[in-house]
Amino acid sequence: MNRRPGNGNPPAILVEHLTKKFGEFVADDDLNFNVDQGEIFGILGPNGAGKSTLIRMLNTLITPTSGAARVMGYDVVQRRGSVRHEIGVIAQASTIDQDLSAWESLDIYGKFYGMGRRERRQRATELLEAVGLLEWKDRPAGTYSGGMRRRLEIARGLIHRPHVFILDEPTTGLDPQSRRVIWELLEGLRAQGNLTILLCTHYMDEADRLCDRLAIIDHGKIVALGSPRELKSSVPGQDILTVQFFQEVLDDLLAALRGLPNVQEAGREETHTARLILSGDVVPLEAIAEVSRTHGNKVKNMSLQEPTLEDVFLHYTGRGLRDTATQEYTYAVPTMMR
C-alpha cells in the first residue's frame with residue numbers, strides 16, 4: 001500500500017528550478033519538487049523525456065545549467081563527495097562484472113567506501129540474504145539470470161548504508177515474475193529502515209504500486225505531481241473507454257474520435273486499440289462505430305474502466321505514454337540524455 005511518511009524531517013531531496021541544456025536543447029526545464037525522507041517517489045515518463053538527465057544531476061555525474069538540488073541537505077554541485085556517500089545508485093544499464101562473484105562484487109564496493117573487512121563481510125551477508133542471493137554468493141555473476149543480477153546491483157548499491165536510493169528503470173528487460181520480485185524487494189527495504197527511494201520508470205503499473213507520490217515528466221517538464229490516487233482523480237470524467245479495432249488505429253481515426261461528443265481525449269494504447277477519456281455520462285457508441293467505418297476500420301470490442309496513470313499522462317500531454325514509448329521524438333535527443 002502506498003504511504004507518505006510526513007515525518008516532519010527536512011526533505012531527502014530538494015529540487016529548485018533545476019535546468020539542464022545541451023547546447024540549444026533543453027533536456028530538463030525548470031524542475032521543482034521535493035522528496036520526503038522515507039518516501040518512495042517516482043519519476044514517470046517515456047524514454048527521452050529527461051528522466052535519466054535528472055538522475056545524473058542528482059548523482060553528481062553532470063552539472064546543472066541552472067537551478068539547484070540538494071540531497072540530504074548537500075548541494076549536488078558544491079558538495080559532490082558528501083552527496084555520493086548519501087546515495088546508492090542503480091543505473092538503467094547493468095554494470096555488474098560478470099566474472100566476479102556476488103561476494104567479491106560487494107567486497108570491492110565496500111572497499112570503495114572505506115569500510116573495514118569485518119564491516120564489509122557483515123554488511124554483505126545481510127544484503128545477500130535480503131536479496132535472496134546468499135546461496136549463490138560464490139558463483140560468478142555471469143551465471144545469474146537477469147533478475148538475479150538486478151538484485152545483486154541493488155545489494156551493491158546499498159553496501160555503504162545510503163540514506164537515498166536512486167533507481168533508473170530498475171525492471172526494464174525483466175520478465176513479469178522478476179519484476180514482481182524486485183517490487184517486493186524494494187517495498188521490504190523501505191519498510192526495514194529509513195531509506196528514501198527515487199524511482200525512474202516508464203511502467204505505469206510499477207509507479208502505481210510502489211510510489212507514494214510521483215511526478216509525470218514530458219519533454220523535460222513536470223506536467224503533473226501528486227500521489228497516484230490524486231493524479232487519477234484529476235482526470236476529468238469518471239469513465240475510460242477502451243476500443244479495440246480490427247485494423248490499425250491511424251492518426252486520422254484518433255483525430256476523428258477526439259472530435260466526437262462526450263470525448264475529452266483519445267490516444268493510441270496499442271496498435272489496434274484506442275483509449276478514450278469520456279467527459280459525460282453518455283458513451284457515444286453509434287458515433288464511434290460510424291467514425292470507424294468512415295475511416296475504413298471496424299470496432300471489435302469496447303470496455304469501460306476507471307482512470308489509470310496512462311489516462312493521467314494522456315490527459316496532461318494529449319497522447320498515450322505507451323504510444324510515446326515506442327516512437328522517436330521529432331527532435332534529436334542527445335546521447336547523454338538517454
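**Rings, sulfurs and overall build**

Biologist: How many aromatic pairs does this predicted model have?

Modeller: The count comes to two aromatic pairs.

Biologist: Why is the pair F33 and F41 called stacked?

Modeller: The ring centres of F33 and F41 are 5.2 Å apart, and their planes meet at 5°. Rings pair if their centres lie within 6.5 Å, and planes under 30 degrees apart count as stacked. So F33 and F41 form a stacked pair.

Biologist: And what makes F33 buried?

Modeller: F33 has a relative accessible area of 5%, and buried means under 20%, so F33 is in. F41 comes out at 0% relative accessibility, so F41 counts as buried too.

Biologist: What puts the charged end of K20 over the ring of F22?

Modeller: The distance to the ring centre is 5.4 Å, and the cut-off is within 6 Å, along with an angle within 35 degrees of the ring normal. The charged end of K20 is listed as sitting over the F22 ring.

Biologist: Which residue lies over the face of W103?

Modeller: That's K137, at 5.1 Å from the ring centre.

Biologist: On to the cysteines. How many disulfides does the structure hold?

Modeller: Zero. Take C200: the nearest cysteine sulfur belongs to C211 and is 9.6 Å away. From the other side, C211 has the sulfur of C200 as its nearest, at 9.6 Å. A disulfide needs sulfur atoms within 2.5 Å, so neither C200 nor C211 is in one.

Biologist: Are C200 and C211 buried or exposed?

Modeller: Buried: C200 is at 0% relative accessibility, and C211 is at 0% as well.

Biologist: Let's zoom out. What does the secondary structure of the chain come to?

Modeller: The chain has 12 helices and 14 strands.

Biologist: Why call the chain as compact as a globular protein of that length?

Modeller: Its radius of gyration is 22 Å, and the globule rule gives 20 Å for 338 residues. Those values are close, so the chain is as compact as a globular protein of that length. The C-alpha atoms fill a box of roughly 75 × 45 × 40 Å along the principal axes.

Biologist: Which domains does the assignment give?

Modeller: Domain 1 spans 13-232 and domain 2 spans 240-305. The C-alpha centres of domain 1 and domain 2 lie 38 Å apart.

Biologist: What share of the 338 residues is buried?

Modeller: 49%. As for contacts between residues at least 6 apart in sequence, 71% join residues at least 24 apart.

Key. Residues numbered from 1 in each chain as written. Predicted model: local features only at pLDDT ≥ 70, side-chain atom pairs only at ≥ 80, totals over all residues. Heavy atoms only, no water. Phe/Tyr/Trp six-rings, centres within 6.5 Å; stacked < 30°, edge-to-face > 60°. Buried < 20%, exposed > 50% of the residue type's maximum accessible area, 1.4 Å probe, protein only. Domains from an automatic or database assignment. Helix = DSSP H or I, 4+ residues; strand = E, 2+ residues; numbered from the N terminus. Rg over C-alpha atoms; globule rule 2.2 N^0.38 Å. Contact = heavy atoms within 4.5 Å.
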